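Colleague: I would like a close look at one part of this model. Please pick the part, explain the words you need, and then relate it to the rest.

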Amino acid sequence: MKDEILQKSIDPTVHDMLAVAEAAGLETAWDRLAKQLPQCGFGETGVCCRNCAMGPCRIDLFGEGPTKGVCGATADIIVARNLLRMIAAGAAAHSDHGRDIAHTLLLTAEGKGGGYEIKDEAKLHRLAAEYGIPVEGRTKEEIAYDLAKAAYGEFGKQEGPIQFTRRAPARRVELWQKLNIDPRGIDREIVECMHRTHIGVDNDYVNLTLHGLRTAIGDGWGGSMIATELSDVLFGTPQPLWSEANMGVLDETKVNIIVHGHEPTLSEMIVAAAQDPELVALAKEKGAAGINLAGICCTGNEVLMRHGIPPVGNFLQQELMVMTGAVEAVVVDVQCIFPALGPLSACYHTQFISTSYKAKFPGATHIEFHEEHAYDIAKEIVRTAIEAFPNRVPERVHIPQEKMKMMAGFSVEAIVGALGGTLDPLLGTIKSGAIKGIVAVVGCNNPKIQHDYGHVNLVKELIKHDILVVNTGCNSIACGKAGLMVPEAAEMASEGLKGVCQALGIPPVLHMGSCVDISRILVACAAIANALGVDISDLPVAGAAPEWMSEKAVSIGTYVVASGIYTVLGVAPPVLGSPEVVALLTAGAEGVVGGKFAVEPDPFKAAQLIVDHVNAKRRALGI
Ligand code: SF4
Ligand code: MSK
């Protein structure tokens, strides 16, 4: 294998498929990144502004060029404004996802759900209690109607508070109120980002950044949390289950359908439609042995944690899975979907099926999804995939064989359940030092970093230091593929963590879901802080996103820091053009919200930073 290919990923299936791509003359994200190099230094450092037609303007950081935009904006102002717009986009993406789930719950409550039903009534009742919605003598549909309306209300609220923010420890909420960053309404904060960054509005980098924190809190403790909680009500709260991960989950004998994107709504129905006897019979009629469903990115995580549907890979494998020549359909909803899939699918028999009116793609077949007819549309999509099966070209089929067993579905409820109904045993292991801390490792792949290298090495290092890792998103899939999400992986952990995992029969790395499910981690942190009578910022916890790339990740990192948690990024955000903004994010923030950012691309050094942080927090707590 060429060194150049080996350098791109640590995953053998990727090596295998990159060789296929090269032989076929097909390009990938890695090739396109190479063609972009060197990338624009102004963009990379965040000092390019095109917020008005006097620009575009850029700041020359090193030479004799301009130090201000036409309006007089400095590097600090431009960088902070650009950062705020990234947070707004990320918060909007997560929150619109949450809104869609609220919409589905509302339709279901009204009996217009197209096949959906309320699966977790106990959770429905718990959430109703939080919102003060009466439950006595009412049907689940009546309660769900009020809950969906209340959740809807959180988006357009003008005066707050967003109900789920009150899950944070009281002293955290008081701090947000004191700093005037307690979000008033999810959409309101996002709109205000756009207003503030319009020419001639907010030109104070501290004030801009504080509003970024407020907007991001509205994402993590608002839009994302609504997405998670209402998804559980509708589709069931995840419980630990077994699956397998990586390209070897594709089945040469069957119709392979891959669900991709983020929202669980359609994919839930695809799971059901793929088992429909009529469609299974049709698949057989077309010469296939059956229908094989797999997932990628966070739609993949959603169906993984609730149904055990195997992930075929993570973000950077989306083109490679098509190149196996064995995929009949890639069914996409929203977010993280390469437009490159359109022209690529046209080189194969693969049906690239877009389903959201918000997300159309060149070269895609658009089968629009409407919740009211969910099951019928899911059947049409599965049928379209089956019809493509006879067009498969056997000589072009190349499926890497590697796959790995993994466990998934560790919701907070499942973790508490595994501990016997209370967090006490976990607190005991933290106090005794058997578990030194808990670290969330999340986020994407980015071709600027060797694929999965950051994820897998950081996690391996952390568990060697008695740190329990929880993960979501593409980190979960990376760790699943690397064999870190099985109970036997406890052998790779240090003695304390190993003992805890073996006693409970759990992996040292726990899958908590999709990107919006980072809200589950916030809930867990709040519960632990409350149990110890401290704030989240006092806990021996940290966050990390070793290979992040999306604006959603910027919002996530920001709400994690605003919640008081130290967060290490493997890729520098575009802020380096302003030493003032960098100092605020990596140092000053700690004195304000108790959390801060660090940037460290080397996963081994990043792990050391986190271990030092966890130990310092333990000392401060006197444990
Ligand atoms: Fe240039 Fe200012 Fe307009 Fe930005 S807002 S493009 S810095 S003039
Ligand atoms: S899918 S946001 S690449 S984690 Fe959530 Fe993966 Fe990042 Fe998309």
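Modeller: Start with three classes. Ala, Val, Leu, Ile, Met, Phe, Trp, Tyr, Cys and Pro count as nonpolar; Asp, Glu, Lys and Arg count as charged; the others, Gly among them, are polar. Keep in mind that this model is predicted.

My part is the shell around ligand 2. It holds 8 nonpolar, 3 polar and 1 charged residues. Cysteines in the shell include Cys-297, Cys-298, Cys-336, Cys-444, Cys-474 and Cys-515. Phe-315 and Met-549 belong to it too. His-262, Gly-443 and Ser-550 are polar, because they are on neither the nonpolar nor the charged list. Lys-552 is also in the shell, and Lys counts as charged.

Where does the shell around ligand 2 come from? Domain 3 (247-396) and domain 4 (404-621) each give at least three residues. The chain also has domain 1 (3-58) and domain 2 (78-235). The centres of domain 2 and domain 3, taken over C-alpha atoms, are 30 Å apart. Their contact takes 18 residues from domain 2 and 17 residues from domain 3.

With so many cysteines, disulfides come to mind. A pair of cysteine sulfur atoms must lie within 2.5 Å to count. How many disulfides are there? The count is 0. Take Cys-525: its nearest cysteine sulfur belongs to Cys-515 and is 17 Å away, so Cys-525 is in no disulfide. Cys-525 counts as buried because its relative accessible area is 8%, under the 20% cut-off.

Now turn to ligand 1. Its shell divides into 8 nonpolar, 3 polar and 1 charged residues. Cysteines appear here as well, among them Cys-49, Cys-52, Cys-57 and Cys-71. Other neighbours include Asn-51, Met-54, Val-70, Arg-81 and Ile-199. Cys-49 has 9% relative accessibility, so it too is buried. Ligand 1 takes up the space of the second largest cavity.

Technical notes: Residues numbered from 1 in each chain as written. Chains lettered and ligands numbered in written order. Predicted model: local features only at pLDDT ≥ 70, side-chain atom pairs only at ≥ 80, totals over all residues. Heavy atoms only, no water. Near = heavy atom within 4 Å. 1 Å grid on protein atoms, 1.4 Å probe; cavity = no way out; pocket = protein on both sides within 12 Å on 5 of 7 lines; lining within 4 Å. Sits in = over half its atoms within 2 Å of the grid points. Domains from an automatic or database assignment. Buried < 20%, exposed > 50% of the residue type's maximum accessible area, 1.4 Å probe, protein only. Contact = heavy atoms within 4.5 Å.
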